[in-house]
Structures are given as C-alpha cells and as structure tokens.
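Take a walk through this fold, starting inside and working outward. Keep the viewer open and follow each residue as it comes up.

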Amino acid sequence: LWLKKATHIMVSGSWDATAKVWSVTVSNGETVAIVREPLAELFDADSSIVCVSTAAVPDSGSIVIAAGCADGSFCVWKLHSDGVKVVIHKEMARRGSGPCSVVQW
C-alpha cells in the first residue's frame, strides 16, 4: 500500500473523529510532497481526535496507529501493507475524564 508509493507516511487526526494515513515523498534536497488522497481512512474513534502516534511493526510491513480523543477515549488500529485495517483496541471514555491528549509508543 505505502511502500510502493512513498518514502514516508504521515498520520493525521481530525475534529470529525477520523484518522488518515498519507503518502509522503521526501526527495533529494529535502523537498516534501504529500499526495492529496489518503492511503487509508480510519473511522472508529468516538470523538474528535486530539493526538496520534504511529509505529512500524517489525518484519510485517504493517503499522499500528493510536489516536487519543477529546472525550477521553482512545483507539488503536493495525494497518497492514495490503490496506486491511483492524481495530486492535478501543478504550471507552470514563465518566468525568478529560481528553486523551497524549499517546506514544
């Protein structure tokens, strides 16, 4: 999915509770180009996404993406290199909690 199209990927989170994976190419001279259509869109978050973190899964060609949400919930996906998306963990917001403002691998 991304290895053929990009030198890097970027993940963004949005107020509309979607996370998107973008194809990014960094060429000689450090020129950065971002493809306008996302490689993947993830719709399983429960509220506005306020932070994201991504890590490569060694020897698999997959990545894991964590997103923290404004309501205190968070969601973790595994995105396979063939485009298959799997929710591997979803934590619901707890009563009275604030936003999940930091996730990090």
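A residue is called buried when its relative accessible area is under 20%, exposed when that area is over 50%, and partly exposed in between. With that cut-off, V21 counts as buried because its relative accessibility is 0%. Bear in mind that this is a predicted model.

Start with V21, then. It sits in strand β2. Leaving out residues up to four places away in sequence, V21 touches I9, M10, V11, P38, L39, A40, I65 and L79. One of these neighbours deserves a closer look. L39 lies in the loop between β3 and β4. The C-alpha atoms of L39 and V21 are 5.4 Å apart in space, and the two residues are 18 apart in sequence. L39 is also buried, because its relative accessible area is 17% and the limit for that class is under 20%. For contrast, look across to R95. It is 74 residues from V21 along the chain, and their C-alpha atoms are separated by 30 Å.

Now widen the view to the core around V21. The largest nonpolar core has 16 residues, and V21, I49, I65, W77 and L79 touch the most other members. Which strands supply at least two residues of this core each? They are β2 (19-26), β4 (40-42), β6 (62-69) and β7 (74-79). The largest share comes from β6, with four residues. Another core lies apart from this one. It has five residues, including A66, V76, C100 and V103.

C100 leads on to S73, since S73 touches C100. S73 is placed in the loop between β6 and β7. Is S73 buried or exposed? It counts as buried, because its relative accessibility is 1%. What does its side chain meet? The side chain of S73 makes a polar contact with the side chain of D71, at 2.6 Å. Beyond residues up to four places away in sequence, S73 touches D46, A67, G68, E91, M92 and A93 as well as C100. Two of these residues, D46 and E91, come back below as salt-bridge partners.

Next, the charged pairs. The count comes to three salt bridges. In one of them, E41 pairs with K20, and the closest N and O atoms are 3.6 Å apart. E41 lies in strand β4 and K20 in strand β2, so the pair ties together parts that are 21 residues apart in sequence. E41 is partly exposed, with a relative accessible area of 30%. K20 counts as partly exposed too, at 24% relative accessibility.

Another salt bridge joins K90 and D46, with 3.1 Å between the closest N and O atoms. This pair links distant parts of the chain, 44 residues apart: K90 is in strand β8 (residues 85-91), and D46 is in the loop between β4 and β5. K90 is partly exposed, with a relative accessible area of 37%. D46 falls in that class as well, at 36%. In the remaining pair, the side chains of R94 and E91 meet at 2.3 Å, N to O. R94 is exposed, because its relative accessible area is 55% and the limit for that class is over 50%.

Two loop residues call for a check of the backbone. A17 lies in the loop between β1 (8-13) and β2. Its phi is near 70°, a positive value in a residue other than glycine. A17 is buried, with a relative accessible area of 12%. D59 is found in the loop between β5 (49-57) and β6. D59 also has a positive phi, of about 60°, although it is not a glycine. Here the setting is on the outside: D59 counts as exposed, at 86% relative accessibility.

Finish at the surface. Which residues make the nonpolar patch there? M10, V26, V32 and I34 do, and the patch covers about 310 Å². I34 is found in strand β3 (residues 32-34). I34 counts as partly exposed, because its relative accessibility is 44%. M10 brings the walk back to its start: this patch residue is among the residues that V21 touches.

Terms used
Residues numbered from 1 in each chain as written. Predicted model: local features only at pLDDT ≥ 70, side-chain atom pairs only at ≥ 80, totals over all residues. Heavy atoms only, no water. Patch = residues over 30% accessible without salt bridge, like charges linked within 9 Å, V, L, I, M, F, W, Y side chains within 5 Å. Areas by Shrake-Rupley, 256 points an atom, 1.4 Å probe, with all protein chains shown as cover. Salt bridge = Lys/Arg side-chain N within 4 Å of Asp/Glu carboxyl O. Buried < 20%, exposed > 50% of the residue type's maximum accessible area, 1.4 Å probe, protein only. Core = buried A, V, L, I, M, F, W, Y, C linked by side-chain atoms within 4.5 Å. Polar contact = N/O pair within 3.5 Å; in protein donor to acceptor, adjacent residues only side chain to side chain. Contact = heavy atoms within 4.5 Å.
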